[in-house]
Amino acid sequence: AISKLNKLRDQCVARNDTSGLLHAHVAMASVYVGLRRYSDARRHLEACRPTLAQTGGGDDGSARAQAVLASELGQLFVTEGKYLEARVCFTECLQRAEALRDLKTQRRANQNLEMVCHRLGHY
């Protein structure tokens, strides 16, 4: 699966297909999470950040994608037991969701923040 996704990623780079490239990185991260290779998964999710910034970071689609990415990174940090890093990601997700007036994402980000703060001992 990884070699096929690497090939897909390379094709997306060659075609300058930003959306395809983002999907390839997220799919690769999912595979690595399944293999419990969390640092590799995080590397692929973090590789999405500059791509999103290039796509005109001000539009709603990009902002929404950045909120989702921050949430995914936060979940990955929780899986690794890195709660401080997760809190930063969930805070970013919440701020982006508030700017978009996306109540569903705000609610989820708040729940994730509460869970992380509870684990950190901050009530």
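Select helix H5, residues 83-100, in this predicted model: the helix has 18 residues and reaches 25 Å from its first C-alpha to its last, which is close to the 26 Å expected at 1.5 Å a residue. With H5 still selected, show the side chains of Ala-86, Cys-89, Phe-90, Glu-92, Cys-93, Leu-94, Ala-97 and Leu-100, each of which is buried. An α-helix has 3.6 residues a turn, so residues three or four places apart point the same way. Step just past the end of H5 to Arg-101, where the backbone takes a positive phi of about 60°.

Go next to helix H3, residues 38-54, and pick out Asp-40 and Arg-43, which both lie in this helix, 3 residues apart, or about one turn. Their side chains meet in a salt bridge, at 3.2 Å from N to O. Now add Arg-37 to the selection, since its side chain also meets that of Asp-40 in a salt bridge, here at 2.7 Å from N to O. Arg-37, Asp-40 and Arg-43 are thus linked in a network of salt bridges. If you colour the three by accessibility, Asp-40 counts as buried, at 16% relative accessibility, whereas Arg-37 is partly exposed with a relative accessible area of 39%, and Arg-43 is likewise partly exposed, with 46%.

Move on to Arg-9 and Asp-10, another pair joined by a salt bridge, whose closest N and O atoms are 3.6 Å apart. Here Asp-10 counts as partly exposed, at 44% relative accessibility, and Arg-9 also counts as partly exposed, at 21%. The bridges visited on this tour are among the 8 salt bridges that a search of the whole structure finds.

Finish with the cysteines, beginning with Cys-48, which counts as buried at 2% relative accessibility. Which cysteine holds the sulfur closest to that of Cys-48? It is Cys-12, and because the two sulfurs are 11 Å apart, they are too far from each other for a bond. Return then to H5 and select Cys-89, which is in no disulfide, the nearest cysteine sulfur, that of Cys-93, being 9.3 Å away. Cys-89 is buried, with a relative accessible area of 6%, and Cys-93 is also listed among the buried residues of H5. A search of the whole structure finds 0 disulfides.

Methods
Residues numbered from 1 in each chain as written. Predicted model: local features only at pLDDT ≥ 70, side-chain atom pairs only at ≥ 80, totals over all residues. Heavy atoms only, no water. Helix = DSSP H or I, 4+ residues; strand = E, 2+ residues; numbered from the N terminus. Expected span 1.5 Å × (residues − 1). Buried < 20%, exposed > 50% of the residue type's maximum accessible area, 1.4 Å probe, protein only. Salt bridge = Lys/Arg side-chain N within 4 Å of Asp/Glu carboxyl O. Disulfide = S-S within 2.5 Å.
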